[in-house]
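Open the model in your viewer and keep the selection tool at hand. This tour goes stop by stop, with something to pick at each one.

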There are 2 protein chains.
Amino acid sequence: MPKVAKKYDFAVIASDIVIFTIRKNKLNVLLIKMQKEPYRHNYWATPGGLVRPDESVDESARRNLFEKTGVKNVYLEQLYTFGEIGRDPFGRVVSVAYFALIPSDNVRLKTTKEYGNVQWFGIANLPKLAYDHKEIIATAYERLQKKLEYSNIAYSLLPKKFPLSELQKTYEIILKRKLDKRNFRKKILSLDLVKKTNATESGRSNRPAALYEFANKTAQIMSIL
Amino acid sequence: MPKVAKKYDFAVIASDIVIFTIRKNKLNVLLIKMQKEPYRHNYWATPGGLVRPDESVDESARRNLFEKTGVKNVYLEQLYTFGEIGRDPFGRVVSVAYFALIPSDNVRLKTTKEYGNVQWFGIANLPKLAYDHKEIIATAYERLQKKLEYSNIAYSLLPKKFPLSELQKTYEIILKRKLDKRNFRKKILSLDLVKKTNATESGRSNRPAALYEFANKTAQIMSIL
DNA sequence: ACAAAAGTGTTATAAGTACACCCATGG
DNA sequence: CCATGGGTGTACTTATAACACTTTTGT
């Protein structure tokens, strides 16, 4: 990537993907360990790479995410474009950042020799980050919080069937605040966001929860909180 | 622009600016007449141009807007990045689109020999548009409508002092719907969005309106409608 | 005196928030 | 029978929506 920028002395375009999931009651971000100087010493970065001339920027984001981490079939949307001059020490790279979500039960990671390894990090325990990726992740996190409140994208963080309490927990983890159980259920049900399946959760020492599924797994704007 | 893209056969980055104002009770967009094939015959485009290696993408947007139209000191924010492969017939150009607002009393246009002329168009009467600029303008218009409802950016469309009815008219024109005068005033005043000056409007054959000014001319998120 | 826009409150409806107990299961 | 999370309704408060007349000026 840097070589290209230096060689032509023109800005080139990369895509970077901030992918979130919920694991162990924490919001997690997927990062790749850097191998190159000056970032070789324990710096990490979001998956990404140069945009090729024969692919759209969106396609580039999907391809880079898959090639570098093995993750596919995710909710993906453009986040913001980071275009400050000094953001990449190797050359003039403008990055179109994307924001992605995946259910935790769906993840299969990959390790490439180019990047060393790939790992989930809790949003509250991020390692040292290369480039301006700290800022990119912060922007993505803000977007996630806002978007949970005014859209149905939570569908892309949960498994196919889930108890309502798990949906509520997802909201609470991401928004970092407690929600009232009755009001939450009332709202979710009145919006017809989910519908009951006839399955229930079992094997735990309490009343079994009814399992729900999302009524519509396409992104929609709606006021949830 | 196209020459560069062809020469290196790599994606290059441009910025495009969709600038809005209100003129004659209509929402207007500033466009520049195209001179090059295949767009020479009455196609228009938003102001923009290549991002230089020594400027950030934001700076590029401001510079291009000023150089091509003479417009400066505007509200400017990043809108969306358009990265489809075929969007520019000359080569692989990814465009970072910006969204700008200016009060109509503030506009001074410029004509350059490169672009021929520069002109305001009513949003409902746009000419043929080059590249994917029709889509870019549509995206900007959606952003403007939403942002009027949840932020104070209207401050950048109005002159320093204005009657409340003009603020209301601005909302009505952009949102394409009538608002209730009493409810609108109540809301605006209760938010302390504006404060009364001791000036009044005169010279018209009706009761003179009190003139208001915005309490805070920095962008802020607040629920207005 | 008339035309034209400014200015001003009240009521009804809807949405949001706060809050506590019983239920079904596993161990 | 106890611990655990599941499941349910009502009262209060706040925000939104609907609606009509009087005031001030210029001509």
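**Stop one: DNA strand C**

Select Lys186(B) and DNA strand C: an N or O atom in the side chain of Lys186(B) is 3.1 Å from a base oxygen of the strand. That is a polar contact, a pair of N or O atoms within 3.5 Å; within protein, one must be able to donate a hydrogen and the other to accept it, and residues adjacent in sequence count only if both atoms are side-chain atoms. α5 of chain A and α5 of chain B are the elements that give two or more residues to the surface near this strand, DNA strand C. Helices (H or I, at least four residues) and strands (E, at least two) are DSSP runs, numbered from the N terminus.

Before going on, note that this is a predicted model: local features need pLDDT of at least 70, side-chain atom pairs count only at pLDDT 80 or more, and totals for chains, interfaces and linings use all residues. Residues are numbered from 1 along each chain as its sequence is written, chains are lettered from A and ligands numbered from 1 in the order in which they are written, and side-chain values use heavy atoms, with hydrogens and water left out.

Stay on DNA strand C. Add Lys181(B), which has a polar side-chain atom 2.6 Å from a base nitrogen of the strand. Then add Arg185(B): a polar side-chain atom there lies 2.9 Å from a phosphate oxygen of DNA strand C. Now select everything near the strand (a heavy atom within 4 Å). There are 21 residues around DNA strand C, and among the nearest are Ser165(B), Asn206(B) and Ala210(B). Sugar and phosphate make up 42% of the atoms of DNA strand C within 4 Å of the protein.

Color this surface by class. It has four nonpolar, six polar and eleven charged residues. Here Ala, Val, Leu, Ile, Met, Phe, Trp, Tyr, Cys and Pro count as nonpolar, Asp, Glu, Lys and Arg as charged, and the others, Gly among them, as polar.

**Stop two: DNA strand D**

Switch to DNA strand D. Which residue has a side-chain N or O atom 2.7 Å from a phosphate oxygen of DNA strand D? Select Ser165(A) to see that pair. Next, pick Arg182(B), whose side chain has an N or O atom 3.2 Å from a base nitrogen of DNA strand D. At Arg207(B), show the backbone: a polar atom there is 2.9 Å from a base oxygen of DNA strand D.

**Stop three: helix α4 of chain B**

Select residues 164-175 of chain B. This is helix α4, with twelve residues. Is α4(B) largely enclosed or open? Nine of its twelve residues are buried (under 20% relative accessible area, 1.4 Å probe, protein chains only), so the rest of the structure largely encloses α4(B). Among the buried ones are Leu164(B), Tyr171(B) and Ile174(B). Step on to Lys176(B), which follows α4(B) and has a positive phi, near 55°.

**Stop four: Ser151(A)**

Go to the loop between α3 (133-150) and β9 (162-163) of chain A and select Ser151(A). Its relative accessibility is 2%, so Ser151(A) counts as buried. The side chain of Ser151(A) reaches the backbone oxygen of Lys147(A) at 2.8 Å. Contacts (heavy atoms within 4.5 Å) of Ser151(A), not counting residues up to four places away in sequence, include Tyr171(A) and Met222(A).

**Last stop: both chains**

Select chains A and B. A 180° rotation with 0.1 Å of shift along its axis superposes chain A on chain B, at an RMSD of 0.0 Å. The two copies are thus related as by a two-fold rotation axis. Superposition is by least squares on the C-alpha atoms of residues with pLDDT of at least 70 in both. Finish on Val12(A): in chain A, its C-alpha is the nearest to the axis, at 2.9 Å.

Terms used
Expected span 1.5 Å × (residues − 1). Buried < 20%, exposed > 50% of the residue type's maximum accessible area, 1.4 Å probe, protein only.
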